[in-house]
Amino acid sequence: MSNTTQDLSLDPHGAHGHGAHDNPHLGEQFEDIAQQYDTYTVGMWAFIVQEVMFFGGVFAAYAIYRYKYLEAFSYAHLELDVFWGTVNTFVLLFSSFTMALGVRAAMLQARKAQIGFFLATILFACVFMGVKYVEYSAKFDHGLIPGHNFTLYTEHLNEVREKHPHVAEAVEKNPALVPQMELFFGFYFAMTGLHGLHVLIGIIVIGALVIRAWINKNKPLDYMPVEMVGLYWHLVDIVWIFLFPLLYLVGGH
Amino acid sequence: MSAAENQMETQAHHEKVNYINVRTTLLSWLVTLDHKRIGILYLLTVSFFFLIGGLAASLVRMELVSPKGDLLESDTYNKMFTTHGVMMIFFFLIPSIPAVFGNFLLPLMIGARDVAFPRLNLLSWYMVAGGGLLALAALIMGGVDTGWTFYTPYSSSFAKTQVALTVVGIFIAGFGSIFTGINFLVTIHKMRAPGMTWFRLPLFVWAMYATSLIMVLGTPVVAITLLLVAVERLLGLGIFDPARGGDPILFQHLFWFYSHPAVYIMILPSMGVVSEVISAFSKRRIFAYHFVAFSSLAIAIIGFLVWGHHMFSTGQSMYLGVVFSFITFLVAVPSAIKVFNWLTTLYKGRIELTAPMMYGLGFIGLFTIGGVTGLHLAAMATNVHLTDTYFVVAHFHYVMVGGAIMGYMAALHFWWPKMTGRMYPESWAKLSAMIIFIGFNVTFMPQFILGYMGMPRRYHSYNEEWQVLNVLSTAGSSVMGLGYILPLGYLLWSLKYGKIAPQNPWNARGLEWEIVDAIPHPHNFETIPIVTQEAYDYEHWHPNKPAQQPVIVGGGKS
Ligand SMILES: [Cu+2]
């Protein structure tokens, strides 16, 4: 990163002092702000690698069961709401856009724009969670809760017959499909739940950035935390970009 | 300069400021961001968990004195070996060398003021300690009986014990370990002093790098796996439950994907320690530095591709088994490279048989036995005969106790003067090294034979013809126990009565010996050093002269 020092020279306190510890944002363990910048960036990327492995475990398990129970999984995914899923995809993509604009505003020390874009990001994140709430409660109503109330394909098979007659027929012929479909919804809740938890954490840390910018109105702010949270938020977005097609879109091919 | 630093400067006229005396309240330790203090916190924590795990082990060995299950009921016995495994593996071995010595030494060795993220470092300690306390709470509330492996369906459909709480404890400690890994990786990449190039790094640092890679890439997988088990227990998701379409074997795949590499989290740091100790007490440059460094990375990477050797008898595809078996044999190559290079380093060296050196040499012998018996288990045909017998138990204890803990003891003695400013009593330390070595072999050598004869692990009773060897094993474990209690005594004694340690008691090479104070300053270095030479430059060493004047020229930036 050859241009890091340039970016950081936007910080009025950092760039011109010769003594290493003149900059109030420089940690004691670092020699200069460029080293600190690099260190935080590498650290955040290592954290992202860790997150990929964390989600990777459950993605691998999903892939294995999808391969094993292809028929059941392709029937079960029909109960997911592609409309709301698509809406949420766009909502998250827009939130990543506003996040990027917020990061840029922070880089330019444009305080008001920064607060505005971060609030917009939080708003989109809340909309995402709201849509998830709508989807989850629909699953509750339809009896699609694995382990507690999974009755759609047994007691309420007629509801299925109205929309997807071939599914109802297949289930009647082979009731062994039902526990496999239950497994699909197990994965659905585990994966989207874990992702939702990351969205919630995102809302909290972006909120913290807003409060920080609000309180320190007239002081120059350390840019680093903003960059880190930005990276985190894009990770949350990307996980969804994989979740959405895997759960909502791909059928039995 | 802050006020605190000014105050420290005035103090320096009376007594030299070091990381221990700079502040003395309990609170100052609990909120410290100093990597050296955090290392000491870990030392206390893992010693405590070692004690708990050791107590459980002694109950297990006592039960096995007689063939009838008369001391402990089978349920209690199951809980005891589970406690032993969980405490020793997750809360002693995995944090031991990386968290204690990695924390203490890494910044000193590479010429940095601290690790990259001191706050995260402190948080990691709270997570490991807190996770351990949760697991301990689970133990008090009735214990766990699944074995440290938490195999489904023992841990899911059929569990009647405190599985969920223990798993949550391990999950939290696991993230502590991930954060430590991230911290070390970034520290090694970005915090090296000017001139400290990759190939001037001490081999302990290379070992820490490889270990951190495993922590960051492997631990998240076991975290999500244990989370899925907890979710299965609490919410009724059937991912590992055959009654609901799940597959319990999938748990084993995911679990061993982490837990085989985790073995290398335990052994690689010890290898790093041994590289330091062997070269310091042979006063020779380590033979074939590059090979030793890269073999650490090779072990870390190949280690991710062998997990199926724990599952030869689960009905996995035979062809898969062949591949796993072959790759497992491959790991032996970098391990052997290390052993041969240590031996070659000893050749024509000026060997000083100090206590850390004795532990280091003990490591080489015991680790080699552990490694070679690993090949018996890696070969599919012998594996079927030996699966789940005491042969396996003996094998991994040779690696983890004979290997990892010997390395830990070597490190503890080697760097004790730097950590505490006091010398430990040498003859007592040598005595304890001998006792541990003998006790260890008497404990576990018979278990190879027992396993070969077919004695299965994890039962509280056994056939009468196996009693003699079991009594021998228990007797050995008592001797070994004594060997571990001795250091507890003399190391604590040395804190008050030990000889004051000089800056470089071993005439060893390395920044931590040559330019760091006898007890390190809170900020480690007055000025960040500029490194001009490789590690292990013992060529100019003479017996009557302290190590050559620094390798290092002062005058950093700050
Ligand atoms: Cu293994």
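Which residue follows α8(B), and is its phi positive or negative? The residue is B:Lys283, and its phi is positive, near 50°. I will come back to positive phi values later. One point before going on: this is a predicted model.

Let me stay with helix α8 of chain B, which covers residues 248–282. With 35 residues at 1.5 Å a residue, this helix should span 51 Å, and its end C-alpha atoms are indeed 51 Å apart, so the two values agree. The helix does have a bend, of about 35°, at B:Trp256. As for its surroundings, α8(B) is mostly covered, with 33 of its 35 residues buried. At the N-terminal end there is a cap: B:Asp247 places a side-chain oxygen 2.9 Å from the backbone nitrogen of B:Ile249. At the other end comes B:Lys283, the residue I opened with.

Next, a residue in another helix of chain B. B:Ala404 sits in helix α13, residues 390–420. Is B:Ala404 buried or exposed? Its relative accessible area is 3%, which is under the 20% limit, so B:Ala404 counts as buried. Setting aside neighbours within four places in sequence, its contacts are B:Leu93, B:Ile97, B:Met266, B:Ile267, B:Ser270, B:Phe363 and B:Val399. For a sense of distance, take B:Ile301: 103 residues separate it from B:Ala404 in sequence, and their C-alpha atoms are 19 Å apart in space.

Now to the start of helix α3 of chain B. The loop between α2 (26–30) and α3 (35–63) holds B:Thr32. This threonine is buried, at 7% relative accessible area. Its side chain reaches the backbone nitrogen of B:Asp34 at 3.1 Å. B:Asp34 in turn has a side-chain oxygen that comes to within 2.8 Å of the backbone nitrogen of B:Lys36, at the start of α3(B). Leaving out neighbours within four places in sequence, B:Thr32 also touches B:Arg37, B:Ile38, B:Leu41 and B:Leu122. What span should the 29 residues of α3(B) have at 1.5 Å a residue? The expected figure is 42 Å, and the end C-alpha atoms are 42 Å apart, so this helix agrees with expectation.

On to empty space inside the model. How many cavities of 30 Å³ or more does a search of the whole structure find? There are 8. The largest has a volume of about 190 Å³. It is lined by 19 residues, and those closest to its centre are B:Phe90, B:Ile94, B:Ala173, B:Gly174 and B:Ser177. Three helices of chain B, α4 (74–110), α6 (163–190) and α7 (203–235), each give two or more residues to that lining. The biggest share comes from α6(B), with 6 residues.

Back to the backbone, as promised. Most residues other than glycine have a negative phi, and most peptide bonds are trans. The loop between α5 and α6 of chain B has an exception of each kind. B:Phe150 lies in that loop. Its phi is positive, about 55°, although the residue is not a glycine. B:Phe150 is also buried, with a relative accessible area of 1%. B:Pro153 is found in the loop between α5 (118–140) and α6 as well. The peptide bond leading to it from B:Thr152 is cis, with omega near 0°.

Chain A has a positive phi to show too. In A:Gln109, again not a glycine, phi is near 55°. This glutamine lies in the loop between α4 (82–107) and α5 (111–142) of chain A. Its relative accessibility is 23%, and the buried class stops at under 20%, so A:Gln109 counts as partly exposed.

The last stop is also in chain A. A:Arg212 belongs to helix α8 of that chain, residues 177–215. Which residues does A:Arg212 contact, leaving aside neighbours within four places in sequence? They are A:Gln114, A:Leu221, A:Asp222, A:Pro225 and A:Val226. With A:Asp222 there is a polar pair: its backbone oxygen lies 3.0 Å from a polar atom of the A:Arg212 side chain. A:Phe94 is 118 residues from A:Arg212 in sequence, and 23 Å from it in space, C-alpha to C-alpha.

That is the end of the tour.

Technical notes
Residues numbered from 1 in each chain as written. Chains lettered and ligands numbered in written order. Predicted model: local features only at pLDDT ≥ 70, side-chain atom pairs only at ≥ 80, totals over all residues. Heavy atoms only, no water. Helix = DSSP H or I, 4+ residues; strand = E, 2+ residues; numbered from the N terminus. Expected span 1.5 Å × (residues − 1). Bend = angle between axes of the 7 residues up to and from the residue. Buried < 20%, exposed > 50% of the residue type's maximum accessible area, 1.4 Å probe, protein only. Polar contact = N/O pair within 3.5 Å; in protein donor to acceptor, adjacent residues only side chain to side chain. Contact = heavy atoms within 4.5 Å. 1 Å grid on protein atoms, 1.4 Å probe; cavity = no way out; pocket = protein on both sides within 12 Å on 5 of 7 lines; lining within 4 Å. Points joined across faces, edges and corners; volume = space filled by probe spheres on them.
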